[in-house]
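Biologist: Hi! Could you walk me through this structure?
Modeller: Happy to, here it comes.

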Amino acid sequence: MAKGSKHARQRFRKWINSYPDVSAWLEKYGDLEQQLDDNGGLLKIENFLPTFVAEGILEMLRGIDDKTWNLTAAGDDYVHNNIRHEFLSVKQGPPGLQDVFRIFTLLLPDSLFTFSAAKYCKAGHIVPHDDRAYTQVLMDDGSMQLCSRTIACIYYLTHGWSEADGGHLVDLEAPGGPQQHLPAFNSVVAFRIPRWHEVKPVTGDRPRYSIFGWFLEPGKLYELNTGEEAPPQQHSEAVHGAAEPEQQQQHAAAAVKQKRKKQRESVQKPQQQAAKPVSHASAGVKKKRRQRGVPPLSNSTSEQQQQQQQQRGKQKRKQPSEPVPSGRSAGQAAVAMKRMAKA
Ligand SMILES: O=C(O)CCC(=O)C(=O)O
Ligand SMILES: [Fe+2]
């Protein structure tokens, strides 16, 4: 989008607020969960949005001033289960940012979610982690629902990102060994959680912009990482970029699929029961949510809950990258989108 072009900005705003346009565009990507299953749990999509939309989002993120970006960082104190990371993030941000997040929510319209924008400056990074974490969600009926992250989704926005700029997302569970993904402009990576990965330090001077977030499911779907678990053995120093022989790749993909299926089956049943005491949402509400097809419930997080969450984070920090939940709910955006659909 030409800088300062009012027309381009209007076109961008109109598109992100048009349910028919957004949903028609996303339709070509099919069912996200199915795609993940068909691709060994991780999916990469180039040219994810129309270029003028990607440009519009980038312009919005570039326009966020330094005061608004929050530093998200932790040292390497593994005793307290911290995970080294450092980058800037924003959950509320400028008007329109929620509209941007809403686009991504439509990849899984009936799921709860939480999205933020990120800016990694030079040296910004996250060490290996697997994204397991719980998030308190305030439901429409005023109850709190403890949710687990189930799918991660990251959308990259910096133009002309090259190998020399660093900041690669490294998939540490790729079938053939660690696989680097260049955070290329207008590309998306989504993967099922847990999955070990890291963000290599940004080495160039240009910021690495992204939208990142998670889809959430009610309940404790897994145990949290105690900090003792290590990332999968890195087979070699070299990171795999080249394709494996086809047969080997298929075997590996099948093995990952099988492993994921087993993981999901084994964690869901017992953990959902374990989640009951923390969930105040009515059984009916939960059932409906599980059946999908019912608009997600809003989940704005109150001040008090934010504090509790911060406190918990201090005591037992599990994952690096989720900023303190802000008032904006997981479900609200999708609900708003549904309203748009009716309009
Ligand atoms: O930005 C990325 O490539 C990944 C970010 C990430 O792993 C996280 O926020 O947990
Ligand atoms: Fe992550």
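Modeller: Keep in mind that this is a predicted model. Let's begin with the metal: the iron ion (ligand 2) is coordinated by His129 (NE2), Asp131 (OD) and His197 (NE2), at 2.1 to 2.2 Å.

Biologist: How are the donor residues of the iron ion (ligand 2) spaced in sequence?
Modeller: The spacing reads H-x1-D-x65-H. Asp131 and His197 link distant parts of the chain, 66 residues apart. Asp131 lies in the loop between β5 and β6, while His197 is in strand β11.

Biologist: Is His197 buried or exposed?
Modeller: His197 is buried, because its relative accessible area is 5%, and buried means under 20%.

Biologist: And Asp131, buried or exposed?
Modeller: Asp131 is buried too, with a relative accessible area of 2%.

Biologist: Back to the backbone for a moment. What is the phi of Asp131 near?
Modeller: It is near 70°, a positive value in a residue other than glycine. For background, most residues other than glycine have a negative phi. So Asp131 is a metal donor and also has a positive phi.

Biologist: Nice. Which loop holds Ala123?
Modeller: Ala123 sits in the loop between β4 (112-120) and β5 (125-129). Its phi is positive as well, near 80°.

Biologist: Is Ala123 buried or exposed, or in between?
Modeller: In between: Ala123 is partly exposed, with a relative accessible area of 41%. Partly exposed is the right label because that value falls between the cut-offs of 20% and 50%.

Biologist: New topic: peptide bonds. What is the form of the one from Ile193 to Pro194, cis or trans?
Modeller: That bond is cis, with omega near 5°. In general, most peptide bonds are trans.

Biologist: Where is Pro194 placed?
Modeller: Pro194 is in the loop between β10 (187-192) and β11 (197-199). Strand β11 should sound familiar, as His197 from the iron site is in it.

Biologist: Last topic, cysteines. How many disulfides does a search of the whole structure find?
Modeller: The search finds 0 disulfides.

Biologist: What about Cys147, buried or exposed?
Modeller: Cys147 is buried, with a relative accessible area of 0%.

Biologist: And Cys153, buried or exposed?
Modeller: Cys153 is buried as well, at 1% relative accessible area.

Methods. Residues are numbered from 1 along each chain as its sequence is written. Chains are lettered from A and ligands numbered from 1 in the order in which they are written. This is a predicted model: local features need pLDDT of at least 70, side-chain atom pairs count only at pLDDT 80 or more; totals for chains, interfaces and linings use all residues. Side-chain values use heavy atoms; hydrogens and water are left out. Helices (H or I, at least four residues) and strands (E, at least two) are DSSP runs, numbered from the N terminus. Buried means under 20% relative accessible area, exposed over 50%, partly exposed in between (1.4 Å probe, protein chains only). Donors are N, O and S atoms within 2.8 Å of the metal (3.2 Å for Na, K and Ca); water is not among the atoms, so sites may look incomplete. A disulfide is a pair of cysteine sulfur atoms within 2.5 Å.
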